[in-house]
Amino acid sequence: MAPTLSNDILLKAAEAYATPLYVYDEERIRFQYAKLVQAFQQSDVRIFYACKALSNINILRIFQEMGAGIDCVSLNEVQFALRAGFEPGKIIFTPNSVSFEDYKEAVGLGVNINIDNLEILQQFGAAYGSAYPVVVRINPHILAGGNIKISTGHIDSKFGISIDQVTEIIAIKKQTGLTIKGLHLHTGSEIKEVEVFINGLNLLLELSEHFDELTVIDLGGGFKVPYKPDEKGANIEQLGEKLFERLYQFQQTNNRQFQIWFEPGKFLVSEAGYFLTKANIIKENPTRNFVGVDSGFNHLIRPMFYDAYHIIENISNENGRLKTYNVVGNICETDTFAWDRSLPEVHPGDVLMFKNAGAYGFEMSSRFNSRARPAEVLVSKGEIRLIRKRETLDDLIQGQIL
């Protein structure tokens, strides 16, 4: 059974470090990673944590200790990974719309490089030839994911080189001598259909006949995580079985084997995270009851940006009489976390807990309205440890030139 943090621990964290506060459960992170390793054990699979979901270096060190690789979308994330102890060979640099200078710097760091642009591919091949093998990101023209804003493999997406332009990839390879060691695709986030991944695998296996030196097929990430009550996530066990069956079949027919890479982010950290806020005010008007909390979309933007649903619980009054509220923030915009949400009666000072806050919570936070970003704590073996201090006024004004 998946581990969860008790309300007692969460309240203790809120008392020790105040709210708003992000709390992460190390045991749950390890549980999620072990689940993936178990599901894919029959195949040659490598897991690279997509650290854009949560990049606190203390979280990265957990993955490094477990033997995972790491997927980075910026050079700063690469530097975080190196400081967390990852070897360059276990780091993938998967940027988008960056200059060739970024790729040159990545070469200097010795990390795996994923290229998703024909012009950059041409430049890279001209500069390095066969000396620095790369992975190429394909846009498969597959629409998948829970929201168009997080669907990245459809025909109109900015990500990847169109499947219709593979002949141009081959031409660049022949012209420059570039070694393409891997083909990659990532169709989006919140994917629960196993067939989306198998269809992607089949597409890349079909393309592999054009790349004799190919050793890696990268299927990205995006495994669905349950957010709503009774919602189901991706069936990782079934995906592992189907992946093995298809790879074995391909090996028997074509006498070729590939290492499979996955880059999950949300699946590994979302359910390990909790966001704690304090009820500042209760407002009752003729049509609505409002709970106004000490945070806003400056700290958790997903409900406003993606219309995302987060389970919210009043952990200060678990058994109270149920009432219906709109849970709103303190930002000078309409920042509603939840509409018509049934909660045990909320009083000023009560602590409200948001579930599934480990992915794209703190990571997408900002200083809007000149409000400081919250602290982060990690719970490990029952011990609550501060891993990022709460920002102060001095932090907000730092860098400004008077």
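**Close-up views of the predicted model**

**View 1. Pro20 is found in the loop that lies between helix 1 (7–17) and strand 1 (21–25).** The model shown in this and the following views is predicted. The peptide bond leading from Thr19 into Pro20 is cis. Its omega is near -5 degrees.

**View 2. Tyr360 has a positive phi although it is not a glycine.** The phi angle of Tyr360 is about 60 degrees. Tyr360 belongs to the loop between strand 16 (351–354) and strand 17 (375–380).

**View 3. Strand 12 (residues 289–293) pairs with strand 11 (residues 273–284) in the antiparallel sense.** The pairing of strand 11 with strand 12 is made over 5 bridges. One of the residues of strand 12 in these contacts is Val291, the bridge partner of Ile282. The connection from strand 11 to strand 12 is a hairpin through 4 residues.

**View 4. Strand 12 also runs parallel to strand 14 (residues 322–328).** Strand 12 and strand 14 are joined by 3 bridges. Gly292 has Val328, in strand 14, as its bridge partner. Strand 12 thus has an antiparallel pairing with strand 11 and a parallel one with strand 14.

**View 5. Helix 2 (residues 26–39) crosses helix 3 (residues 57–66) at roughly 40 degrees.** The axes of helix 2 and helix 3 come within 11 Å. Because angles from 35 degrees up to 65 fall outside the parallel and perpendicular ranges, helix 2 counts as oblique to helix 3. The crossing of helix 2 past helix 3 is right-handed.

**View 6. Helix 5 (residues 100–109) packs against helix 6 (residues 118–128) at an angle of about 45 degrees.** The two axes are 11 Å apart. This angle makes helix 5 oblique to helix 6. Helix 5 passes helix 6 in a right-handed crossing.

**View 7. The second largest pocket holds about 540 Å³ of space.** Its lining is formed by 28 residues, of which Ala2, Arg28, Pro226, Glu271 and Asn356 are the closest to the centre of the pocket. Helix 2, the helix of View 5, gives the most to this lining, with 4 residues. Sorted by class, the lining has 12 nonpolar, 10 charged and 6 polar residues.

Conventions. Residues are numbered from 1 along each chain as its sequence is written. This is a predicted model: local features need pLDDT of at least 70, side-chain atom pairs count only at pLDDT 80 or more; totals for chains, interfaces and linings use all residues. Side-chain values use heavy atoms; hydrogens and water are left out. Two strands pair if DSSP finds at least two bridges between them. Helices (H or I, at least four residues) and strands (E, at least two) are DSSP runs, numbered from the N terminus. On a 1 Å grid over the protein atoms alone, a cavity is a set of points where a 1.4 Å probe fits but cannot get out, and a pocket is an open set with protein on both sides within 12 Å along at least five of seven lines; lining residues have an atom within 4 Å of a point. Grid points are joined across faces, edges and corners, and a volume is the space filled by probe spheres set on the points. Ala, Val, Leu, Ile, Met, Phe, Trp, Tyr, Cys and Pro count as nonpolar, Asp, Glu, Lys and Arg as charged, and the others, Gly among them, as polar. Axes are lines fitted to C-alpha atoms, for helices over the stretch in contact, and angles run from 0 to 180 degrees between N-to-C directions. Angles under 35 degrees count as roughly parallel, over 145 as roughly antiparallel, 65 to 115 as roughly perpendicular and the rest as oblique. A crossing is left-handed if the near helix is turned anticlockwise from the far one by less than a right angle, and right-handed if clockwise.
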